[in-house]
Amino acid sequence: MNTADLIWMNGEFVAWEDAKVHVLTHALHYGTGVFEGIRCYETEQGPAIFRHPEHLDRLRRSAELYHMDMPYTRDELREVTHELIARNGLRSCYIRPVVYRGYGPMGLDPLANPVECFIAVWEWGAYLGEEGKANGVRAKTSSWRRISPESLMPQAKACGQYLNSVLAKIEVSKAGYDEAILLDHKGVVCEGTGENIFVVRDGEIVTPPYSASILDGINRRSIIEIARDLGYRVVERDVAREELALADEVFLSGTAAELTPVREIDDLEIGPPGEITRQVQKVFDDALHGRAERYREWLDPVQVPSKA
Ligand SMILES: Cc1ncc(COP(=O)(O)O)c(C=O)c1O
């Protein structure tokens, strides 16, 4: 893994190797943390963070769902993230803020444990590989169902909830596939382990709705907007499992994976990335890298503090 020099932790910049927690940190035992995955891109105007306020708002909402009061405001987190990127001298990076229950009483009631926060940044290439982004990945439907709203909160990006994605990812990677697709508790298509999913058929783009236990992906929203701006009809509706194999094109979206086409599902060929996937991917990529004037407001340019 690529490291950086500094991590921001509970109000201070600390050396990468000194960013440590106590073994009795509550989140380590019970998963009581929430997090975000954000990317900063090199643009002509310098490093810029994609949809930064939206990610920080989702972080706050996830924390609220788990009864954690955010120890810092959105502006404070935004500013320290800028400073962290600048002080690490990064032009582009992945950003991982985590808000979690720290060291305190043991037991399942976390309310007396302190709410702590850190932000780490590092250089991270294409999550499902450059080859996958260019030519598509091989996916398999997992035997694990996505967490249901009857037991947890699919809309919260909470640490413990990711054991569900971890099980699905292990299952399909051991079987030789690049990514898992999870069905929801009702048996309709939900999403990948860290990506939302889109299906193209007869020129129409379809994606599962919130009621299918998806995470409300920020890239999903961006892609829906881009596709509609390009003149495509985008429909949010339940997707049956076999619709993936019958699709003309399938692609995934997420901060880590960006827009990654799917070329095969459950050993059935979908084919190389199609025309609509390519077109949306191109505009999306331009938006991420500050080349699309229309979506420039989605970028938060990193303000470099004078002392850095
Ligand atoms: C389970 C899950 N679904 C979907 C997504 C895509 O969300 P976003 O586009 O906000 O990165 C992610 C990544 O954060 C995720 O972890």
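## The ligand and the spaces around it

In this predicted model, a good place to begin is isoleucine 218, where a backbone N or O atom lies 2.8 Å from an oxygen atom of the ligand. Two side chains make similar approaches: an N or O atom in the side chain of threonine 255 is 2.7 Å from an oxygen atom of the ligand, and an N or O atom in the side chain of arginine 58 is 2.8 Å from a ligand oxygen atom. The protein covers 96% of the 380 Å² of accessible area that the ligand has on its own.

Looking at the surroundings as a whole, one finds 16 residues around the ligand, of which Lys157, Tyr162, Ile218, Asn219 and Thr255 come nearest. Sorted by class, this shell holds 3 nonpolar, 8 polar and 5 charged residues. The place that the ligand occupies is the largest pocket, and the elements that give two or more residues to the shell around the ligand are α6, which spans 218–229, and β14, which spans 249–254.

The largest pocket itself contains about 600 Å³ of space. It is lined by 31 residues, and those closest to its centre are Phe35, Lys157, Tyr162, Thr193 and Gly194. Several elements give two or more residues to this lining, namely α2 (52–65), β6 (93–101), α5 (163–174), β10 (189–192), α6 and β14; of these, α5 gives the most, with 3 residues. By class, the lining of the largest pocket is made up of 11 nonpolar, 13 polar and 7 charged residues.

Apart from the pocket, there are enclosed spaces to consider. Rolling a probe the size of a water molecule over the atoms shows where empty space is left. The count of cavities of 30 Å³ or more comes to 2. The largest cavity has a volume of about 50 Å³, and its lining consists of Arg39, Tyr41, Phe50, His55, Asn219, Gly254, Thr255, Glu258 and Leu288. These lining residues divide into 3 nonpolar, 4 polar and 2 charged. Asn219 and Thr255, which belong to this lining, are also among the residues that come nearest to the ligand.

The second largest cavity holds about 30 Å³ of space, and the residues lining it are Glu249, Val250, Pro261, Val262, Ile270, Gly271, Pro272, Pro273, Gly274 and Thr277. Here the elements that give two or more residues are β14 and β15, the latter spanning 258–265. The lining of the second largest cavity divides into 6 nonpolar, 3 polar and 1 charged residue.

Note on methods
Residues are numbered from 1 along each chain as its sequence is written. This is a predicted model: local features need pLDDT of at least 70, side-chain atom pairs count only at pLDDT 80 or more; totals for chains, interfaces and linings use all residues. Side-chain values use heavy atoms; hydrogens and water are left out. A residue is near a molecule or strand if one of its heavy atoms lies within 4 Å of it. A polar contact is a pair of N or O atoms within 3.5 Å; within protein, one must be able to donate a hydrogen and the other to accept it, and residues adjacent in sequence count only if both atoms are side-chain atoms. Accessible areas come from the Shrake-Rupley method with a 1.4 Å probe; for residues, only the protein chains shown count as cover. On a 1 Å grid over the protein atoms alone, a cavity is a set of points where a 1.4 Å probe fits but cannot get out, and a pocket is an open set with protein on both sides within 12 Å along at least five of seven lines; lining residues have an atom within 4 Å of a point. A molecule sits in a cavity or pocket if more than half of its atoms lie within 2 Å of its grid points. Helices (H or I, at least four residues) and strands (E, at least two) are DSSP runs, numbered from the N terminus. Ala, Val, Leu, Ile, Met, Phe, Trp, Tyr, Cys and Pro count as nonpolar, Asp, Glu, Lys and Arg as charged, and the others, Gly among them, as polar. Grid points are joined across faces, edges and corners, and a volume is the space filled by probe spheres set on the points.
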